[in-house]
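Me: Got a structure I'd like to go through with you. Can you take my questions as they come?

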Amino acid sequence: MKLLAIETTCDETAAAVVTDQLEVLSSVVASQEKLHERFHGVVPEIAARAHLERILPVLEETLRRANCKLTDLDAIAVAYTPGLAGSLLVGVCAAKALCLSLGKPLVAVNHLHAHIYACRIAEKRDVFPCVGLIVSGGHSSLYDCPSPGDFEYLGGTIDDAAGEAFDKVANMLGLTYPGGPAVSKAALTGDPTRYAYPRPFLHDREKLDFSFSGLKTAVRYSLYGAGNPIAPESLEATQVSDVAASFQQAVVDCLVGKAELAMQRTGREQLCVGGGVAANRVLRDHLEALAQRCGFRLSIAPFELCTDNAVMGAIAFERFKAGKTESLELDAIPGLVRPTIL
Ligand code: KG4
Ligand code: ZN
């Protein structure tokens, strides 16, 4: 069986053709980084318009690379939640139009669940039941996942997502967008102990939540003091790398600490980690050390499946094989569906 998966939740226009053996026949990702760079974050209206321009060429290229015709497909899958409203609509409308014209079944994909499923695809073995940690530009959350169709929310950020904090701190440091890769590069030569930034909730064993907004403000105050404008040109190179390293360590400590608590609380033996921030080397190293120390299995999505892509939409096979398809009434749902089944 072959499935065409479409992903337009944020600022990547992506499509992939995947088989039910989780073989990737093609994967195309058209990034919009250059369009959003000067705003240091994703501008929803620009993202939606760019998706509209790119969706058809991306679909054509995906099918061409897979050497596959639309009529060869068994189903069309689309990420319908969560994400930016205008962005989601482009993918959902494209998928519904294809299904209507071809008479093919439509399968809905929850983007966050798909980030975890990236681990299943990469491992080529069953990773469920597991705890799922999703760390991206829009989300930082923990799920208990008994099966690929059953994700129970355990906790998550109450304000900024980890990736969002990386992007905003990069701006304070005069680094490029997206901030994650730039901050982690600057941190390579920095001292992670120079600035004692807060680690919200880390020692609260009741909560599996995160908060990165105060950490972001603490970084700003340590650089410029309260109430002063951002002026990266006034910073010295060692200050930039030390702040980057200290900030990165604070984020990593929070993510790793809560991942450990979630593993203890659920008693699961497998942790799966996905989302753009999972590309962070220091986070990966600390998670590996934690898994060794606690004796659980760890799967972190490979770099090409960390940031947004459509390959992870292969999670749709789990629903499709169980006979669960959607009507053409399927709508885009921007907010987090909680508690979530899909
Ligand atoms: O998963 P993703 O592509 O999009 C969302 O679903 O949000 O994640 C993008 C986020 C951005 O905030 C980016 O700064 C962050 O992932 N990111 C990183 C790294 N690479 C990307 N954050 C920390 N370290 C990295 N190496
Ligand atoms: Zn994502």
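Me: Where does Asn67 sit?
Reply: Asn67 is in the loop between helix 2 (44-66) and strand 4. This is a predicted model, by the way.

Me: And what's its phi?
Reply: Asn67 has a positive phi of about 55 degrees, although it is not a glycine.

Me: Moving on to prolines. Is the peptide bond from Thr81 to Pro82 cis or trans?
Reply: The Thr81 to Pro82 bond is cis, and its omega is near -20 degrees. Pro82 belongs to the loop between strand 4 and helix 3 (85-102).

Me: What about the bond from Tyr177 to Pro178, cis or trans?
Reply: The bond from Tyr177 to Pro178 is cis, with omega near -5 degrees. You'll find Pro178 in the loop between helix 5 and helix 6.

Me: OK, helix 5 then. How do the axes of helix 5 and helix 8 cross?
Reply: Helix 5 (residues 162-172) and helix 8 (residues 237-266) have axes that come within 11 Å and cross at roughly 175 degrees. The pair is therefore roughly antiparallel.

Me: Which residues meet there?
Reply: From helix 5 you have Ala162, Ala165, Phe166 and Val169, and they meet Phe247, Gln248, Val251 and Leu255 of helix 8. By class, that contact has seven nonpolar residues, one polar and no charged.

Me: Now pockets. How much space is in the largest one?
Reply: The largest pocket holds about 1,100 Å³ of space. It is lined by 42 residues, and the closest to its centre are Ser136, Gly137, Gly163, Asp167 and Gly276.

Me: Which helices supply at least two residues of that lining?
Reply: Helix 4 (111-123), helix 5, helix 6 (179-187) and helix 9 (281-294) each do.

Me: And how does the lining split by class?
Reply: The pocket lining has 16 nonpolar, 17 polar and nine charged residues.

Me: How many cavities of 30 Å³ or more are there?
Reply: The count comes to one cavity of 30 Å³ or more. The largest cavity has about 50 Å³ of space.

Me: Which residues line it?
Reply: The lining of the largest cavity is Ala5, Ile6, Glu7, Ala77, Val78, Ala79, Val109, Ala114, Asn309, Ala310, Met312 and Gly313. Strand 1 (2-7) and strand 4 (75-81) are the elements that give two or more residues to this lining.

Me: What's the class split for the cavity lining?
Reply: The lining of the largest cavity divides into nine nonpolar residues, two polar and one charged.

Me: Last topic, confidence. What does the chain average for pLDDT?
Reply: The chain averages a pLDDT of 96, and 98% of the residues score at least 70.

Me: Where does pLDDT stay under 50?
Reply: That's residues 338-342. The model has 13 contacts beyond four places in sequence for that stretch.

Definitions and conventions: Residues are numbered from 1 along each chain as its sequence is written. Chains are lettered from A and ligands numbered from 1 in the order in which they are written. This is a predicted model: local features need pLDDT of at least 70, side-chain atom pairs count only at pLDDT 80 or more; totals for chains, interfaces and linings use all residues. Side-chain values use heavy atoms; hydrogens and water are left out. On a 1 Å grid over the protein atoms alone, a cavity is a set of points where a 1.4 Å probe fits but cannot get out, and a pocket is an open set with protein on both sides within 12 Å along at least five of seven lines; lining residues have an atom within 4 Å of a point. Grid points are joined across faces, edges and corners, and a volume is the space filled by probe spheres set on the points. Helices (H or I, at least four residues) and strands (E, at least two) are DSSP runs, numbered from the N terminus. Ala, Val, Leu, Ile, Met, Phe, Trp, Tyr, Cys and Pro count as nonpolar, Asp, Glu, Lys and Arg as charged, and the others, Gly among them, as polar. Axes are lines fitted to C-alpha atoms, for helices over the stretch in contact, and angles run from 0 to 180 degrees between N-to-C directions. Angles under 35 degrees count as roughly parallel, over 145 as roughly antiparallel, 65 to 115 as roughly perpendicular and the rest as oblique. Contact means heavy atoms within 4.5 Å. pLDDT is the predictor's confidence in each residue, from 0 to 100.
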